[in-house]
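Colleague: Please walk me through this one. Keep the answers brisk.

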Amino acid sequence: MSHIASRLSAVKPSASMAVSQAAKDLAATGVDVIDLGLGEPDFPAPAHITEATFAAARKERMLYTASLGTAELRKAIVAKFKRENGLDYAIDEIAVANGAKQIIFNALMATLEEGDEAILPAPYFVSYPEMVKLFGGVPVTPACPAENGFRLTPEVLAAALTDKTRWLFLNMPGNPSGAVYTEAQLKALGAVLAKYPKVMILSDEIYEHILFDGRSFVSFGAACPELRDRSLIVNGMSKAYAMTGWRVGYAAGPRDLIKAMATIQSQSCTSVSAPAQIAARAALEGPQDCVAEFRTAFERRRNLVVEGIAKINALRLDPPEGAFYAYIGCAALIGAKTPAGKTLDDDVAVAKYLLDEGHVAAVPGTAYGLSPFFRISTATSDGVLAEAVRRIGEAVSKLEF
Ligand SMILES: Cc1ncc(COP(=O)(O)O)c(C=O)c1O
């Protein structure tokens, strides 16, 4: 007899975590594995952020805070939305949680009824469909192929909307594709959504600062102000400030939703830890040079990977527009034979082959709802990336087509 609730039966653990575990298991046998499974900046959090946190912890007691975050941090977030995105929010329209992930989790728990649909344009961040299923929702995952720049188009959106649609998720720059939307593209989606007043929009903008080729970022909130009362703009400290383990995410949205999220938070984790909130405030209010420095490094690495993959004929990679991943098309590898005589039937087999033969851990596109692809994280040093691309090329060259 299982002691586990039935709502967990459809929910899968994170695919990128699973790949990293497989890489660790192989490395434990003495193999030199390059793990490009997880998306974490390899920089330390900037010193002024950690110093501000230590100084506060030496001086003050660290107590429970308001469940939605301290007033000081929420004011810093209000100022951030104004300064960087041109958005006007009041402090009671801001929520702080343990990462953008918990923001999304709380928002879905607060809104989904059994059978409600959430449109998740594919390829999508691995956690979205699993969280939707956890609350009885149904993920609807329209394909957004490379030919459309991995972007949701108004036509595809219109075809995916039904009476049961509760949420549309957007993620820009996107994980895993790096796709970014222009203001005009967002407005065109907004025009379709105007006809569906029940639908809420979750815009996950956590990679907003990791944007290449001189692009500038347009928040969904700025492009579609008429949808403000049903938009949740999600962001966090993990990617822009290299603070994944500090676990601070935040959002701006309609008061009733933020209030419901506060209730969930107050009855679950109480609040984000007080030191992490001090760190987040120091990051948002302090010098922003670190953000630009990280962006420059990510763009250099993106270029290195794009150039390297271009030399491998059987793979396809259009330059990602942002974020720190390469979502590599591997259609030409499907059906190829490995040196051991196995046929690569799908991208799961391709990722397994790259790990076994090339000792490079990549996540199969199946995990993101669009195949055949594999994703590598480019958030690691130039030298490691160059070696990973070399290994991928060597493994591909051993295949029989
Ligand atoms: C699109 C997207 N949203 C949210 C997250 C999670 O962010 P956080 O660390 O703030 O929970 C990630 C992390 O990989 C992500 O790629």
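**Helix 5, the spaces and helix 11**

Colleague: What phi does G136 take, just after helix 5?

Modeller: G136 takes a positive phi of about 80° there. Helices here are DSSP runs of H or I with at least four residues, strands are E runs of at least two, and both are numbered from the N terminus.

Colleague: What sort of model is this, and how are residues numbered?

Modeller: This is a predicted model, where local features need pLDDT of at least 70, side-chain atom pairs count only at pLDDT 80 or more, and totals for chains, interfaces and linings use all residues. Residues are numbered from 1 along each chain as its sequence is written, and side-chain values use heavy atoms, without hydrogens or water.

Colleague: Back to helix 5. Mostly covered or mostly open?

Modeller: Mostly covered. Seven of the eight residues in helix 5 are buried, meaning under 20% relative accessible area with a 1.4 Å probe on protein chains only (exposed is over 50%, partly exposed in between).

Colleague: Which ones?

Modeller: For helix 5 the buried set is S127, Y128, P129, E130, M131, V132 and L134.

Colleague: And what covers them?

Modeller: The cover includes helix 4, plus strand 3 (117-119), strand 4 (138-140), strand 5 and strand 6 (200-204).

Colleague: New topic. How much space is in the largest pocket?

Modeller: The largest pocket holds about 520 Å³. On a 1 Å grid over the protein atoms alone, a pocket is an open set of points with protein on both sides within 12 Å along at least five of seven lines, and a cavity is a set where a 1.4 Å probe fits but cannot get out; lining residues have an atom within 4 Å of a point. Points join across faces, edges and corners, and volume is the space filled by probe spheres set on them.

Colleague: Who lines the largest pocket?

Modeller: There are 25 lining residues. G39, K101, F125, K239 and R247 lie nearest the centre of the largest pocket. Helix 1 (15-28) and helix 4 (99-111) each supply at least two residues to that lining. The largest share is four residues, from helix 4.

Colleague: What about the second largest pocket?

Modeller: Its volume is about 380 Å³. It has 20 lining residues, and those closest to its centre are K12, P13, S14, V126 and E130. Helix 1, helix 4 and helix 5 (127-134) are the elements that give two or more residues to this lining.

Colleague: Which element gives the largest share of the second largest pocket's lining?

Modeller: Helix 5, with six residues. E130 of helix 5 is among the residues closest to the centre of this pocket, and E130 is also one of the buried residues of the helix.

Colleague: How many closed cavities of 30 Å³ or more?

Modeller: Three. The largest cavity holds about 150 Å³. Its lining has 16 residues, and P121, P123, F150, N171 and Y181 lie nearest the centre. Strand 5 (residues 165-171) gives the most to the lining of the largest cavity, with three residues.

Colleague: Last one, helix 11. Which of its residues are buried?

Modeller: In helix 11 they are C290, V291, F294, A297, F298, E299, R301, R302, V305, V306, G308 and I309.

Colleague: What do they pack against?

Modeller: The buried residues of helix 11 pack against helix 2 (47-59), strand 9 (325-329), strand 12 (373-377) and helix 13 (382-397). Contact there means heavy atoms within 4.5 Å.
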